[in-house]
Amino acid sequence: MPINNTKKKLIKYVTIVVLIITIASTCSYALVDFFGNYVVRGNYSYSPIDAIGIVIPTIIIIGLVFFFAMREALKIVLKLVDGLEKVGNGDYNAKIKMENNNDPMEDVYKSFNKMCDELNSVQILKQDFLNNFSHEFKTPITSINGFANLLLNEDIEEEKKKEYLQIIADESARLAKLSNNTLLLSKLDSQISIIDKKEYKLDEQIKKCIIVLYKYIEEKNIDLEINLEEINYNGNYEIMQHLWLNLINNSIKYTSNDGKIKIDLKECKNKIIFSIEDNGIGMNEETKRRIFEKYYQGDTSHHTKGLGIGLSIVNRIVELCEGEIYVESELGKGSKFIVKLPKK
């Protein structure tokens, strides 16, 4: 294996280094001894051969000192090599234990352990995504297939046909939305800045987003309070629309029937501040901490439809706009999202 070859090379390298240092040190001693006797003291009868008696024990002593010193250093390096081998084999829990706080590789080990935590987190997110992705895509496809087969029955009533067709239309729209959101998130991740900016009225855009989603607000009989200052903003209209739609839709989704949502927009100290507050189900501490992670869903029961992509899209757009986003929430008492954007 490559790692075993690395270990052999390291041991060989350390052995050669020890031999070179030992020989160099011994030769240096012989040279100094010769210079001291022959040049400084004027002992012209001195012969370098006289140093042989001390050269051999010097070689042994220096060789042993450097051997044990390098062996300890090699142990430290090999510990890191072993850890890298485990990570390479997919074991992201291969953390390195530090023997004591004075370990010279303490910072390196801490960085390695942090890397393991990050990789482990990515692996968990990947597994969560695959589970949620397969569930969310399989369910509408199964529904479409099932109701399509029912429609093939010629004896079905006209009223039932309309009901089944509506279900097929809804599930198809849901699939399209999931696909579009996944593609949008991938596109945003590949961007490093916002392009195609233009100045437009931000308050008017938010009003239009509310109108687009108003059907769902009415269905849940949600009391809506809107306070929007007139603000001109220079940005990409299409991308910013995704930001507001996802935030508003998220609040609607997690607000109970007859609930309340409050939307505010204002300008303060050259900052645009948008906030949306609801009295819905709220979040626990873990959900608050992970809410913007890709594909994370606080509700794992699938009672709410989605892939956990919406707020990831929101977070990425805010990052690209060089803004900030915060969440305040308490379980059972609702949530409040606050977006701060620079006024440019």
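Start with helix α7, residues 237–253: it lies across β4 (260–268), β5 (271–278) and β7, and runs at about 25° to β5. Contact here means heavy atoms within 4.5 Å. Axes are lines fitted to C-alpha atoms, for helices over the stretch in contact, and angles run from 0 to 180 degrees between N-to-C directions. Helices (H or I, at least four residues) and strands (E, at least two) are DSSP runs, numbered from the N terminus.

This is a predicted model, in which local features need pLDDT of at least 70 and side-chain atom pairs count only at pLDDT 80 or more, while totals for chains, interfaces and linings use all residues. Residues are numbered from 1 along each chain as its sequence is written, and side-chain values use heavy atoms, without hydrogens and water.

**The sheet**

Now select the strands. Five of them form an open, mixed sheet in the order β2-β4-β5-β7-β6. Two strands pair if DSSP finds at least two bridges between them. At the edges are β2 (223–228) and β6 (324–330), each paired on one side only. From one strand to the next, the twist averages 10°.

Zoom in on β6 and β7 (residues 334–342). They pair in the antiparallel sense over seven bridges. Find Glu328: it stands opposite Lys336 in β7. Then add helix α9, residues 310–320. Helix α9 lies across β6 and β7, at about 140° to β6.

**Helix α5**

Select residues 202–212. Which residues of helix α5 are buried (under 20% relative accessible area; exposed is over 50%, partly exposed in between; 1.4 Å probe, protein chains only)? They are Leu202, Asp203, Gln205, Ile206, Cys209 and Ile210. They cover an arc of only 160° around the axis, which puts them on the same side of α5. The arc is that of the directions from the helix axis to the C-beta atoms. On the other side, Ile211 and Val212 are exposed. Pause at Cys209: its relative accessible area is 1%.

**The rings**

Show the aromatic side chains. The structure holds five aromatic pairs. Rings of Phe, Tyr and Trp (its six-membered ring) pair if their centres lie within 6.5 Å; planes under 30 degrees apart are stacked, over 60 edge-to-face, the rest tilted.

Pick Phe147 and Tyr164. Their ring centres are 5.0 Å apart and their planes at 40°, so the pair is tilted. Phe147 lies in helix α3 (residues 106–151) and Tyr164 in helix α4 (residues 158–190).

Finish at Tyr200 and Tyr233. Their centres are 6.3 Å apart and their planes at 85°, so this pair is edge-to-face. Both are buried. Add Tyr237: ring pairs link Tyr200, Tyr233 and Tyr237 into a cluster.
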